[in-house]
Structure formats: structure tokens, C-alpha cells
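Let's take a walk through this structure, starting with its empty spaces and ending with how some of its helices pack. Keep the 3D view open as you read.

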Amino acid sequence: MKSTNFKLKKRNLLLLSAFVIAVTASSFLWQTPKSELLKKDFTVAQKQYNDLLKASNDITRFPRTTNKDGSLRSTDIKDWTQGFFAGSLWYLYDYTKNPQWKAAATKWTEALEQAQFLTEHHDIGFVMYCSYGNAMRFEKDPNKLEKYRKILIQSAESALTRFDPKVGLIKSWNAKKSWDQKTTWQYPVIIDNMMNLEMLCYVSKITGNPKYKDVAMSHALNTMKNHFRSDFSTYHVVNYDANGKVLHQQTNQGYADNSTWSRGQGWAIYGFTMMYRETKDKRFLAAAQKAADFYINHPNLPKDKIPYWDFNVEQKGYVPDFDYNANKIAYIPRDASAAALVASALLELSTFSKDGHDKYFKPAEQMLKSLSSDEYLAKTGTNAGFILKHSVGSLPHKTEIDVPLVYADYYFMEALLRYAKLR
């Protein structure tokens, strides 16, 4: 009897050992490439953002991009990109858990306090949710949490000042001329505006007041109706009259009114994926999937999955209203910011979709690997402290062409963190 028990114990020990070895080996094979990519990218990110912090002594000036001479160019609190720097610092803290990054993130978040009253444009969601929204995830001090909560509520109230129930959408910009100089947009709504809805959904959750989320729903549904073409490519700008009738469907930062601006398509993929997460409304999931399918399967998407700044540049049937040749560029610039944004969106979309791993996770993984290559990832000590090279802000405006952009870094780090969690 003792001999039998001994043999059983020995066999069980051998089986357990084999199982542990097998799991450890498979885990090693599975995790190592991803772990090494994350480690490399965040090592670069920490060194670069240390340089950015050293160069940023004025907390009223927020890192955005570079000047023509390669030096750091910052922006003020009235712009739309100022929340991404604090958000990027929070992502560095998320990955490292190093208190120095939390201290820096807190400092640059709190520097944005007065931006809670921004009503001049729609981008208060970008500004305040990327900063204070991330701060809410990591801050433990109850007094600070309550202060941040009140700031986000006021930010949502500021956003709602641009919502007209008759139109059913948040007005993006004040009245302005289109590129054709014939059209005045009185109530322009841009696809980018989808990104500001996450803050509204969040504020409804922390207050229990549905009005913010109701506005987000209204905006998303009307955007879905009027910003998508039949193939689920997107218009950049839709202009409405006072009663919500569509007057114009054009572009402001894309190549032509009927072309597909790559970052705009990215805003749509990300925004509708987020709205599905927040509402579980399957209409939003379908919109996100179709917009993603258009992007991933487009014949003009390069093999490395980093898009040109617009999918239809110099193609037959697409005529710009601006003087494209005045830019004097001998090549079609890529947009790493669009790739980073889309990679992050696709990773989340993969968790909601049937066959999501093959359809959305794998393309996102390829985008991250391309962005992590020497072609796009800056060498430490270069690029004015930014992580990614080769983004485009607005080629029609002759500004920020083939440069680093702070929001490219933000979505790149967000994508990397999502990638790590999906392991």
C-alpha cells in the first residue's frame, strides 16, 4: 500500500513538474517578444520625456511639436493639444509605477485647471479627459479626487454650451470659411469631435446625471448618419443649418472634400468603439467595425500599416480646394499619429468583435511593430524629446508636416499599454 501511494505521489509530482515547465515555456515564448517591445519603447519614452520635462520650464506652455529648426514648440491653454502631455506622463506612470512620473503628471495636469472653462471650441474633452480623466485613475488623495471630479463636471458643462438640441450635435468650431472660399460653415461638426464624448459619458457615471451621456448619444448617432459615406469612409467636416439640415460635407485637413483623411478615419474608429463600450449599442459597434475594415483593407495603405496623411492624395477623381503643390513636397508624408491612434482603437475593438484577434488585433500589432522600428521611433536625445517621428498636423495649412506630435506619443503609449493588458 505504501509502495502504491509513493508511486502515485511520484507520478503526480512528475506530471505537475511537466505542466509547470510546459506553461513556463509557452508563456516565455508567448510573452517575450511583446515584453521586449514594451520594454524598449518605454525605455525610449522615459528618456525622451525626461528631456521634454527639462526643456519645459514654463507650466503655461505645453509641448506640442517642433519648430522648423527642430527645437521644441509649445502651445498655450487655449489650444486643443495641451492635455496630451499630462496624459502621456500618466501613461509613463501607469507602466513604470515610478513616483517621479506621477509627480510630473500631477503638476502638468493641475496646470490645466482653468481649461475647464474652455467654450471657444469643442476640444475640451481632449484637453481635460486625457489629463484629469487619467489622473482620476491613479490619484489616491480624497481631497484631490474631489477637486478633479468637480473640474471634470465643469468641463462637461462647458462642452454642453456648444450643443444645440435642434441640431443634435456639439458644434466643433465657430463660423469659418471653407477652403473653396465660397462656403461659410455656420455650424461645422468635424469627425474629431467623436473623441470628446468619452468625457461626457464619464461625467454621467460619476454624477449619476444622464444628460451628459444623452448628448454624447445624440452626437454619435447624428455623426454616424451624416459623416459616413456608403463605404464607411468619412467626411471631415459636415456643416448644418440651424435646424440640423446638412448643408455641406467637406474637408479642412484632408486632401479633398471626397477624400479620406487618415487621422479623421482614425477618430471615427476610436470614437465609435468607445461609444460601444460606454453604451453597448450595437449600432456603434457596427460603425466602428466598418470604419476599421475600410482602413485596414484600403489598397493604398502601405505594407507597414502606417498610412499616408490622406488615403487619396494625387489620385484620380480627388481635387483639392487648396493649392497642394504650394507645399513643395516631393513625397507623400506618412502620419504616425493616425497609426498610433488606430492601433489603440483596434486593440479595444478586437475585444468586442467576433474574430477580433485576426481582424483587428493582428493589424494593430503590426502597426505597433512598425512604429517601434527605427523608421518611426526616435533615437534618444533627438526629436526634441518626442517619441515618434513622421506625423502630419495639417498639410493644407502648411503646418506640422512630417514632424513629431504630442498626441502621436499619447496614443502610442496608450496602445502599448492596451497591448500589454491583452496579453
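The largest pocket in this predicted model holds about 540 Å³ of space. Its lining is made of 27 residues, and if you want to find the centre, look for Tyr91, Glu198, Tyr270, Glu414 and Arg418, which lie nearest to it. A whole set of helices gives two or more residues each to that lining: H2 (83–96), H4 (124–138), H6 (197–207), H8 (262–279), H10 (336–352) and H12 (406–421). Which of them gives the most? That would be H4, with eight residues. Sort the lining by class and you get 14 nonpolar, five polar and eight charged residues.

Now move over to the second largest pocket, with about 430 Å³ of space. Here 23 residues form the lining, and the ones nearest the centre are Asp79, Trp80, Asp123, Trp173 and Gln253. Helix H8 turns up again, supplying at least two lining residues, as do strand E10 (391–394) and strand E11 (399–403). The class split for this pocket reads seven nonpolar, eight polar and eight charged residues.

Pockets are open, but some space is closed off. Rolling a probe the size of a water molecule over the atoms shows where empty space is left. In this structure there are three cavities of 30 Å³ or more. The largest cavity has a volume of about 50 Å³. Around it you'll find Ser178 and Trp179, then Gln250, Thr251, Gly254, Tyr255, Ala256 and Asp257, and finally Val319, Pro320, Asp321 and Phe322. That lining comes to six nonpolar, four polar and two charged residues.

The second largest cavity has about 40 Å³ of space. Among the residues lining this second cavity are Gln250, Thr251, Ala256 and Asp257, and those four names also appear in the lining of the largest cavity. Others around the second cavity include Ile191, Thr234, Tyr235, His236 and Trp261. By class, its lining has four nonpolar, six polar and one charged residues.

Back to the helices. Two packed helices are described by the angle between their axes and the distance between the axes. Take H2 and H12, two of the helices that line the largest pocket. They pack at an angle of about 25°, with their axes 9 Å apart. An angle under 35 degrees counts as roughly parallel, so that is how H2 runs relative to H12. Their crossing is left-handed. On the H2 side, the residues in contact include Phe84, Phe85, Tyr91 and Tyr95, and they meet a set in H12 that includes Tyr407, Tyr410, Glu414 and Leu417. Overall, this contact has eleven nonpolar, two polar and four charged residues. Remember Tyr91 and Glu414? Both are among the residues nearest the centre of the largest pocket, and both belong to the contact of H2 with H12.

H2 has another partner, helix H3 (residues 99–110): the two axes come within 8 Å and cross at roughly 160°. Is H2 roughly parallel or roughly antiparallel to H3? With that angle, H2 is roughly antiparallel to H3. This crossing, too, is left-handed. In H2, residues such as Phe85, Leu89, Trp90 and Tyr93 take part, meeting H3 residues that include Pro99, Trp101, Lys102 and Trp108. The residues of this contact divide into eleven nonpolar, three polar and one charged. Phe85 is worth picking out in your viewer, since H2 uses it in the contact with H12 and also in the contact with H3.

Notes:
Residues numbered from 1 in each chain as written. Predicted model: local features only at pLDDT ≥ 70, side-chain atom pairs only at ≥ 80, totals over all residues. Heavy atoms only, no water. 1 Å grid on protein atoms, 1.4 Å probe; cavity = no way out; pocket = protein on both sides within 12 Å on 5 of 7 lines; lining within 4 Å. Points joined across faces, edges and corners; volume = space filled by probe spheres on them. Helix = DSSP H or I, 4+ residues; strand = E, 2+ residues; numbered from the N terminus. Nonpolar A, V, L, I, M, F, W, Y, C, P; charged D, E, K, R; others polar. Axes fitted to C-alpha atoms, helices over the stretch in contact; angles between N-to-C directions. Parallel < 35°, antiparallel > 145°, perpendicular 65-115°, else oblique. Left-handed = near helix turned anticlockwise from the far one by under 90°. Contact = heavy atoms within 4.5 Å.
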